[in-house]
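Let's take a relaxed walk through a protein model, looking at its rings, its empty spaces and a few residues in loops. Keep the 3D view open while you read.

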Amino acid sequence: DDQIERERASQHLAGGCCALAAVYLMGKFYVANAGDSRAIIIRNGEIIPMSREFTPETERQRLQFLALLRPELLGKEFTHLEFPRRIQPKELGKKMLYRDQNMNGWAYKKIEEDDLKFPLIFGEGKKARMMATIGVTRGLGDHDLKVFSSNIHIKPFLSCFPEVRVYDLTQYEHCPDDVLVLGTDGLWDVTNDKEVAAVVMEVLTSYEPNDPCRYTMVAQELVVRSRGVLKERGWRLANDRLGSGDDISVFVIPLGGPGNYT
């Protein structure tokens, strides 16, 4: 993150990205994630999550707590409190559900003038945005990112620190069909864990266990199925749902060595 900041000045580069990394060291996989990519292990048909997405929804309390400690970061345009919907001026003095940085559930409060500001976090699912700007809350870069038509910087709320999960390969016997799948959000936006596992098993069983290209073909198939087919109404999946409109990168890493097995 510091290097990206230095390059911003020396090479006039702007922008940012998420990061998902897997490091194999002394019999263990260390999977580090900062952003909304995802890693799963498929072992004997079982799905083992190796990361979680960092979004305004999943990191709501961290973001709200920072905004409470440093209200100047909100630029007098946002409130750190969350409401089920935008508050209208005519609702001043009425009671409305809300939650703050300490709450998992909701409570009622009397609407005040300050509550009319735009919420720090607004929207649900993939439409959730922080400061009405960005849907990812961890990653690298974005040092120049600001709220549209304002001088409010987003960077103070973006964390470059990843969450790291460890998987001990020595605790299990792995066959050639056991894999670690790393994918960007373009894959997971339209394909869930179970669907990915089904594609993995379908493609792997169509190749010999010793065929080295079998894992590349799984990755290729996951990309193709998530992108869909170009039709008159855009890219469509097999069930006619919209295909992924985001970039799709997939790695499929075998956990077991080659060999014949039944």
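A residue counts as buried under 20% relative accessible area, as exposed over 50%, and as partly exposed in between. Keep in mind, too, that this is a predicted model.

**Rings**

Which residue is partly exposed, at 41% relative accessibility? That's Y172, and its 41% falls between the two cut-offs, so Y172 counts as partly exposed. Its ring partner is Y167, and the two form a stacked aromatic pair, with 5.8 Å from centre to centre and 10° between the planes. Y167 counts as buried, because its relative accessibility is 6%. So this pair brings together a buried ring residue, Y167, and a partly exposed one, Y172.

How many aromatic pairs does the structure hold? There are 4 of them. Elsewhere, ring pairs also link F78, F118 and F122 into a cluster. If you're wondering how people talk about such things, a pair of aromatic rings is described by the distance of the centres and the angle of the planes.

Y172 has another neighbour to look at: R43 lies over the face of its ring, at 3.7 Å from the ring centre. You can find a similar arrangement at F54, where the charged end of R138 sits over the ring, 4.1 Å from its centre.

**Empty spaces**

Rolling a probe the size of a water molecule over the atoms shows where empty space is left. Here the structure holds 1 cavity of 30 Å³ or more. The largest cavity has about 30 Å³ of space in it. Its lining is made up of I4, R8, L13, A14, G15, D142, H143 and D144.

The largest pocket has a volume of about 570 Å³. It is lined by 26 residues, and the closest to its centre are C18, D36, S37, T184 and D185. The elements that give two or more residues to this lining are β2 (19-25), β14 (179-183) and α3 (185-188). Which domains does the lining draw at least three residues from? Domain 1 (1-53 + 162-254) and domain 2 (59-141) each supply at least three.

Here's how the two linings break down by class:

| Space | Nonpolar | Polar | Charged |
|---|---|---|---|
| Largest cavity | 3 residues | 2 residues | 3 residues |
| Largest pocket | 9 residues | 7 residues | 10 residues |

**Residues in loops**

Now for some loops. H12 is found in the loop between α1 (2-10) and β1 (16-17). H12 has a positive phi of about 55°, although it is not a glycine. Is H12 buried or exposed? With a relative accessible area of 71%, H12 is exposed.

N44 sits in the loop between β4 (38-43) and β5 (46-49). Its phi is near 55°, again a positive value in a residue other than glycine. N44 has a relative accessible area of 73%, so it is exposed.

M103 belongs to the loop between β7 (95-98) and β8 (107-110). Why does M103 count as buried or exposed? Its relative accessible area is 16%, which means that M103 is buried. M103 and Q61 are 42 residues apart along the chain, and their C-alpha atoms are separated by 8.0 Å.

Key:
Residues are numbered from 1 along each chain as its sequence is written. This is a predicted model: local features need pLDDT of at least 70, side-chain atom pairs count only at pLDDT 80 or more; totals for chains, interfaces and linings use all residues. Side-chain values use heavy atoms; hydrogens and water are left out. Rings of Phe, Tyr and Trp (its six-membered ring) pair if their centres lie within 6.5 Å; planes under 30 degrees apart count as stacked, over 60 as edge-to-face and the rest as tilted. Buried means under 20% relative accessible area, exposed over 50%, partly exposed in between (1.4 Å probe, protein chains only). A charge sits over a ring if NZ of Lys or CZ of Arg is within 6 Å of the ring centre and within 35 degrees of the ring normal. On a 1 Å grid over the protein atoms alone, a cavity is a set of points where a 1.4 Å probe fits but cannot get out, and a pocket is an open set with protein on both sides within 12 Å along at least five of seven lines; lining residues have an atom within 4 Å of a point. Grid points are joined across faces, edges and corners, and a volume is the space filled by probe spheres set on the points. Ala, Val, Leu, Ile, Met, Phe, Trp, Tyr, Cys and Pro count as nonpolar, Asp, Glu, Lys and Arg as charged, and the others, Gly among them, as polar. Helices (H or I, at least four residues) and strands (E, at least two) are DSSP runs, numbered from the N terminus. Domain bounds come from an automatic or database domain assignment.
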